[in-house]
Every structure is written in C-alpha cells, then in structure tokens.
Amino acid sequence: GIARAREVAVRSALGAGRARIVVQMLIESALLAIAGGALGVAVAAAAVHSFVAFAPAGVPRVGEIHLNAIALAGAVVITGLATLIFALAPAIMSSRVELQQALRTDARQSASRGSRRVAEGLVVGQIALALLVLSAAGLIARSLIKLERAKLSLEPSHLLIGQLAIRYYDAQYDNAAKQTAMLDQLVSRLHATPGVQGVSPVVAAPFSGSGGWDGRVAAEGQSAEDAAATPILDLEVVGPEYFATLGIPILHGRGFTEADRAGAPDVVVLSESAARHYWPGDNPLGKRLTMGSDSAQTLTVVGIVPDTRYRSLREARPSIYFPLRQSPFPFEPWTLAVRTSGPPAELVPTIRRVISETAPGVALASAEPFARYLEGPLAQPRLNALLLAVFAGAAVVLAAVGLFGVMATMVRQRTRELGVRMALGATADDLRRMVLRRGLAIATVGVGAGFAGALVANRLLSVMLYEVSPTDGVTLAVVAAVLLVVAAVASVIPARAITRIDPVSALRVEG
C-alpha cells in the first residue's frame with residue numbers, strides 16, 4: 001500500500017473514487033489470501049500425514065488423527081479476518097493521499113515516517129510473539145531432555161514386565177497360601193529357564209501411578225499425631241530376587257532372602273526418603289515399624305534402597321518393600337519382572353509356555369519390555385515438544401520474512417537519500433552497517449517485548465515442566481540470541497543490495 005501511493009494518486013486524478021480504490025485493493029489481497037490459504041490447506045494435510053507417520057511412541061489414538069473440518073473452518077475464518085484487517089488498513093491509508101504531493105513525489109519517497117513506524121511496529125510484534133513461542137518450545141524441550149535422563153535408580157535394559165491372569169474360581173488358587181506356593185514354583189521354574197537371569201513378582205506394572213498399593217506405616221513408639229502426618233508410601237510385595245532383578249542397589253543392610261518367610265521375624269526394606277522421614281539423621285537398620293489395628297504387626301528394617309521411579313517417572317516416591325512370603329495382604333501380586341540375558345521380547349513365547357506347563361489356570365496376559373512402558377509417560381511431553389517446535393519454527397520464519405520485507409522496503413524508499421550519502425563520501429560498508437543497525441534495533445525491541453511477555457506467559461507451562469523454571473534464564477538467553485542472529489541474517493540481503501546502488505542514478509530519482 002505504501003509503495004503504491006503514487007499509483008493510487010494517479011487513479012484518483014483520473015476519476016476513481018475512494019471506495020473503488022479500496023475495493024480493488026481488497027480484491028487483490030483476497031486473491032493473495034485465497035492462494036495462500038489453498039497452499040496452507042495442502043501443507044496442513046501433508047503435515048498431519050507426516051505427524052501420524054512420525055508421532056512419538058505412546059501417543060494414544062494416533063491413527064484417528066486427521067484434517068478436522070471444524071479446525072479447518074476455524075483456520076479459514078481466522079485467515080479471512082486477518083486478510084480483512086491487514087488489507088483494509090493500508091487500502092484506506094493509500095486512498096487518503098494528497099494528490100498534488102503524491103504526484104510530485106516518487107513512490108519510493110512518498111512513505112511517511114508514521115507509516116514506516118507502523119510497519120516496523122508490526123515486525124516488532126512478530127518478533128515478540130516468535131520469542132514467546134520459541135521460549136515455550138525451549139522450556140518444553142529442556143524439560144523433556146531432563147525427564148528422559150531422569151535417574152530411575154533401576155536398570156531398565158533387558159527387563160521384561162509380564163501381567164498374569166488367574167482363574168480365581170479354580171480351587172487350587174482360592175486362597176493366599178496356595179497362590180504364594182504357586183508363585184514360588186513359577187518363579188523357580190522361570191529362573192531355571194535359559195536366558196532368564198532373575199524373576200520376581202511385583203505389585204503393579206511400571207508407571208502405574210496410584211494403580212498399586214499404598215498406605216501409611218507408623219514407626220514403633222510414634223505418637224498418633226506423628227503417625228497421621230507420615231507420608232503415603234508405595235507398598236511393594238516382592239520376591240527375594242526383586243532388587244537384583246530390577247537392578248536396584250542395596251545401599252545399607254541387605255535385601256530379602258529365602259529365609260524371610262512365614263514363621264520368621266517380619267522384615268521390610270525401606271527407600272531412602274522413607275527412612276529419613278522416620279529416623280532423620282539416625283541409622284534405620286534394626287529399627288521397627290508397626291502395622292495393623294492396635295499396631296499388631298511389628299516389622300524390622302533390614303535394608304535401605306534408593307527411591308525409584310518405578311511407579312512414576314516425574315518423581316521418585318518413598319516406598320516400603322515386604323517379602324512375598326510375609327505379605328500382610330490377603331491377595332498376591334500378579335505382575336512378574338523378568339531379567340533376561342538377551343532381548344526381552346524374544347523370550348516371551350518361552351515364558352508363556354513355562355507358565356502354562358507349571359501353573360494350569362494361569363496365563364501370561366501380556367508381556368512388554370520395560371522400555372515400552374517408559375514410552376507412556378514420555379509420550380505427552382514428546383508430543384508437546386514436537387508441536388511447539390513446529391509452531392516456534394513457523395513463528396521465527398514469519399518474523400524473519402517480516403523483518404526482511406521492512407528492511408528491503410526501507411532501502412527501496414530511501415534510494416535517493418542513500419545516493420546522497422554516497423555522493424558525500426559514505427561508503428557502501430557504512431550504508432550496510434546503517435541498515436543492519438536498523439534491523440537489529442527493530443529486533444532488539446521485539447526481543448525485549450517478547451522477553452517481558454515470556455516471563456509472565458511461561459508460568460502457564462509450570463505443570464508441563466520438569467526440573468525447569470518457567471523463567472529459566474539460559475533458555476530465554478539462547479532464544480533471544482537465536483532471534484537476533486535470524487534478524488541479522490534477514491537484514492543482510494537488503495543491506496547487500498546497497499552495493500548495487502549507482503549514486504548518479506540515485507540522485508536523478510524524482511524529489
């Protein structure tokens with residue numbers, strides 16, 4: 001619109017009314033919007049297809065993702081509104097030109113300082129929004145990296161998790177004692193199977209959250225008030241080989257043995273945070289916990305292990321471990337952890353056969369490598385990171401294109417001025433630096449505005465972040481630096497165009 005001010009003045013001088021000029025410019029903008037919208041639909045269809053093909057593992061119902069008509073209609077409406085607003089404003093501005101002044105002035109000189117400020121202000125807004133989205137993407141990416149590197153305190157490789165199904169109406173498994181005996185026999189047979197290095201029953205599948213058992217346990221001699229304030233612990237019933245099978249180190253004391261059975265003193269193993277809660281600064285080995293009504297059952301602590309991320313990836317939870325043969329619960333765990341010497345999936349048919357031969361009425365309902373379970377809690381963070389990365393990339397490209405357009409327009413409009421400067425002794429390098437400084441000045445204002453917005457808006461991401469602050473200085477600094485580099489690159493091409501300016505020709509431009 002700015003560049004066509006002289007053309008508009010000529011049309012007005014030849015009798016074209018303002019309404020006709022505005023309608024013509026709106027039609028031209030609409031044609032551009034339709035072409036861009038059609039291309040956008042094609043890109044969207046290809047993007048959705050690519051996303052389905054490369055979606056992070058664990059994303060639910062990924063096969064149902066398609067180009068949704070309602071979402072597409074919303075995008076069309078937004079595109080139409082944007083076209084109307086950003087075509088109508090310059091059309092009206094161009095139609096209000098002073099005819100005599102516009103006809104006497106070259107189109108490249110007809111732009112007012114105010115109109116240039118408006119264009120630069122829009123680019124500042126683009127850069128600010130780009131920084132906002134890019135900083136969000138950076139925070140999500142850093143959070144995902146930290147989550148993927150979270151210390152599990154167990155060894156996930158070569159670990160198979162199998163879910164057992166049992167016919168409870170079968171008389172041979174109708175009570176806890178019979179079920180424990182069956183599990184003992186099953187574990188013994190599986191342990192003797194080639195390729196199996198360790199087997200243990202566990203209460204729940206990995207990352208089941210509150211799907212397993214949990215509860216409060218009191219320390220011996222603890223007051224009722226203190227007992228009520230104790231944290232909720234994950235309650236795990238495990239076999240003697242549990243810690244070796246999962247690769248959980250024994251930090252102090254011992255794990256469970258074959259001697260920890262009915263009739264022997266009741267023992268437990270605690271995780272570090274649970275032990276610190278009950279006996280801060282004191283050695284927990286040999287200390288006792290109580291359970292049941294009127295503290296009827298006394299449990300002696302025989303070992304300390306790290307807090308693991310078996311139940312939840314985002315937090316290492318305090319846990320208490322009971323030996324399978326001293327389980328205080330009326331039913332048994334029906335999940336098996338199996339440590340294999342080779343790829344876990346290759347051993348599934350053998351394990352299924354051993355189970356059917358050893359325990360009729362019991363079946364292996366499902367079996368997955370531990371890594372497959374790990375994909376579940378990582379699926380949503382990976383999806384968030386992927387989508388935000390795409391949005392951030394698009395925002396950066398738009399900001400770069402906008403800045404390039406403004407700087408190219410500035411060079412074109414100020415050709416005569418640049419020619420005068422060169423005639424008075426300014427070198428091409430001087431003029432290039434002038435354009436680069438202007439481009440970086442616009443980008444710096446945009447980065448500053450985006451920085452302020454990010455400090456506020458990124459707090460909305462708090463629930464999605466892991467061990468990363470919404471105002472993380474490193475992320476914001478890197479994002480700001482990236483945008484300034486992009487701005488410098490976007491300004492380089494218009495700046496280099498100055499070297500093609502002929503001072504004599506530039507001075508002959510109409511004034």
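**Exercise 1. Find the residues that Leu 246 touches, leaving aside its neighbours within four places in sequence.**

*Solution.* Start at Leu 246 and set aside the residues within four places of it in sequence; the contacts that remain are Leu 154, Glu 155, Leu 159, Tyr 310, Ala 337 and Arg 339. Keep in mind as you look around that this is a predicted model.

Next, place two of these partners. Strand S1 covers residues 159-166, and strand S11 covers 335-340.

**Exercise 2. Describe the largest nonpolar core and name the residues with the most contacts inside it.**

*Solution.* Begin with its size: the core has 69 residues. Then pick out the residues with the most contacts inside it, and you meet Leu 246 again, together with Tyr 242, Phe 243, Tyr 321, Phe 370 and Leu 483. Now ask which element gives the largest share: helix H11 (residues 370-413) does, with 15 residues.

Finally, look for a second, separate core; this one has 46 residues, including Leu 183, Val 199, Leu 235 and Val 268. As background, nonpolar side chains in soluble globular proteins tend to be buried together.

**Exercise 3. Classify the aromatic pair of Tyr 242 and Tyr 321, and work out which parts of the chain the pair ties together.**

*Solution.* The whole structure holds nine aromatic pairs. For Tyr 242 and Tyr 321, the ring centres are 5.7 Å apart with 40° between the planes. An angle under 30 degrees would count as stacked and one over 60 as edge-to-face, so this pair is tilted.

Now locate the two residues: Tyr 242 belongs to helix H8 (residues 242-246) and Tyr 321 to strand S10 (residues 319-323), so the pair ties together parts 79 residues apart in sequence. Both Tyr 242 and Tyr 321 are buried. Widen the view, and ring pairs join these two with Phe 243 and Phe 256 in a cluster.

For contrast, try Phe 322 and Phe 329: with centres 5.8 Å apart and planes at 85°, the pair is edge-to-face. Phe 322 and Phe 329 are both buried too.

**Exercise 4. Lay out the four-stranded sheet and the helices that pack on it.**

*Solution.* Write down the strand order: S2-S11-S1-S12, an open sheet with antiparallel pairing. The edges are S2 (196-202) and S12 (362-369), each pairing on one side only. From one strand to the next, the twist averages 25°.

Zoom in on S1 and S12, which pair over seven bridges; Gly 162 has Ala 367 of S12 as its bridge partner.

Last, add the helices. Helix H6 (residues 176-191) touches S1, S2, S11 and S12, with its direction at about 160° to that of S2. Helix H10 (residues 348-358) lies across S1, S11 and S12, and runs at about 160° to S12.

Definitions and conventions. Residues numbered from 1 in each chain as written. Predicted model: local features only at pLDDT ≥ 70, side-chain atom pairs only at ≥ 80, totals over all residues. Heavy atoms only, no water. Pairing = 2+ DSSP bridges. Axes fitted to C-alpha atoms, helices over the stretch in contact; angles between N-to-C directions. Contact = heavy atoms within 4.5 Å. Phe/Tyr/Trp six-rings, centres within 6.5 Å; stacked < 30°, edge-to-face > 60°. Buried < 20%, exposed > 50% of the residue type's maximum accessible area, 1.4 Å probe, protein only. Core = buried A, V, L, I, M, F, W, Y, C linked by side-chain atoms within 4.5 Å.
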